[in-house]
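Here are some short exercises on charged side chains that pair up. Keep the structure open beside you and try each task before you read its solution.

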Amino acid sequence: MTSPLRIQLTDSADEHWAQVRRLQAETAMGGALPLVIQRGEQRASAWLSLGGSGFDVLAWRGERLVGFAHARIERRMVEAGGRLRPAELFNGGDLRVAADARGTGVVRALFDAVREHCATRGVHQGWGLINQGNDKPLSVMMAGQHGQRAAVQRTFVTASRLLLARPSAPKAPVLEAWEPTDAELESLPGEWSHRFLAPVPPPGAMAAARATFPELRFFRRRADGRFVAALWNPSRARQLRLGGTTPALRALAAAWTLLRPLTRANPFPYPGQPIETVELAFAVRERLDAPALQQLLHEAHRLGGHIVNVIEEGLETQGSPRVRGPANRMRTHVLTFAIGEAPVPTCPPEVPVYVDLAFL
């Protein structure tokens with residue numbers, strides 16, 4: 001007889017973190033490649049957070065962990081009265097369900113637990129991302145059931161640039177490395193405050209993020225000293241690993257390794273080793289032009305990157321420049337939702353949206 005499902009909410013899953021990571025290792029992403037996303041060994045550094053509060057939802061059958069989700073409540077910019085103002089929103093992610101527990105109500109129980117907990121804290125609006133092709137979760141979110149209503153605000157394109165070869169160094173670098181003071185860090189969120197869903201961190205949150213992840217590298221323009229973006233290899237927080245190999249993947253690995261003396265690419269990861277994925281964090285997208293992007297790709301290779309993720313279009317009228325070179329492009333929906341009688345957060349088409357993949 002199947003054990004009854006038990007849901008546990010906690011703001012620190014340290015006691016069960018080894019079981020959470022084991023569940024993550026056992027639940028590969030869907031798609032052509034057997035990819036596993038696993039959080040780091042220390043829960044305290046498993047997410048890049050700018051204040052707010054996070055909590056975990058664990059689903060148990062007996063002593064076995066069969067489901068997990070992480071959620072955060074934080075201040076973001078939403079439209080109210082014709083202008084953007086800070087409001088508390090919740091965001092969920094890292095949803096994992098054991099293969100033999102799917103279709104048994106675990107997903108719904110995790111979703112319900114997140115919504116109900118946020119409602120008890122007076123937070124009735126949220127946002128999230130769903131990749132195109134995930135039709136079932138999208139339909140669930142858009143169905144208007146369980147007291148929840150949702151709307152798609154934008155659909156954006158992420159280019160995952162494969163660093164098959166070392167990008168050439170710019171002859172005339174437009175960016176320089178920058179070590180901002182804590183006061184300069186505190187002022188950075190003002191660069192994104194005109195964007196819907198931009199984070200509104202409390203005092204000290206930016207400095208705390210850098211203290212937690214000192215490997216963040218900040219870049220500003222040489223010409224005027226204006227900040228452009230940070231680069232981050234988030235492998236301490238989350239790892240993307242190959243859960244196995246396919247004939248096509250083995251062929252790619254062989255060719256990659258054979259050509260490395262010419263391409264100077266970083267060593268190809270084998271099953272069990274992390275794929276070094278470099279993210280653009282805190283990017284001021286209006287300043288991310290082609291010369292800056294090309295230099296950042298070169299810097300990402302220096303960080304050991306195999307892949308660099310860049311959002312190209314969909315968040316504003318004029319998107320970032322297209323990534324040159326081999327890249328996989330994926331479309332993702334930005335959803336906002338509300339529970340109870342709260343309105344679904346929306347914004348006019350001309351208002352740009354803030355999405356930072358490093359936060360995921």
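## Exercise 1: A pair between two strands

E279 counts as buried, because its relative accessibility is 3% and the cut-off for buried is under 20%. Keep in mind that this model is predicted.

Task: Find which residue forms a salt bridge with E279, and work out whether that partner is buried or exposed.

Solution:
- Step 1. The partner is R238, with the closest N and O atoms 2.9 Å apart.
- Step 2. Now place both residues: R238 lies in strand β11 (residues 238–242), while E279 lies in strand β13 (residues 277–281), so the pair ties together parts that are 41 residues apart in sequence.
- Step 3. R238 has 14% relative accessibility, so R238 counts as buried too.

## Exercise 2: A loop meets a strand

Task: Look at R43 and D56, and explain what their salt bridge ties together.

Solution:
- Step 1. Check the contact: the two side chains meet at 2.7 Å, N to O.
- Step 2. R43 sits in the loop between β2 (35–39) and β3 (53–61), and D56 sits in strand β3, so their bridge ties together parts 13 residues apart in sequence.
- Step 3. Both R43 and D56 are buried.

## Exercise 3: From one pair to the whole structure

Task: Find the salt-bridge partner of E74, then name the residues of a salt-bridge network and the total for the structure.

Solution:
- Step 1. E74 pairs with R76, and their closest N and O atoms are 2.7 Å apart. Both residues are buried.
- Step 2. The network links R195, R285, E286 and E316.
- Step 3. Searching the whole structure gives 19 salt bridges.

Note on methods:
Residues are numbered from 1 along each chain as its sequence is written. This is a predicted model: local features need pLDDT of at least 70, side-chain atom pairs count only at pLDDT 80 or more; totals for chains, interfaces and linings use all residues. Side-chain values use heavy atoms; hydrogens and water are left out. A salt bridge is a side-chain nitrogen of Lys or Arg within 4 Å of a carboxyl oxygen of Asp or Glu. Helices (H or I, at least four residues) and strands (E, at least two) are DSSP runs, numbered from the N terminus. Buried means under 20% relative accessible area, exposed over 50%, partly exposed in between (1.4 Å probe, protein chains only).
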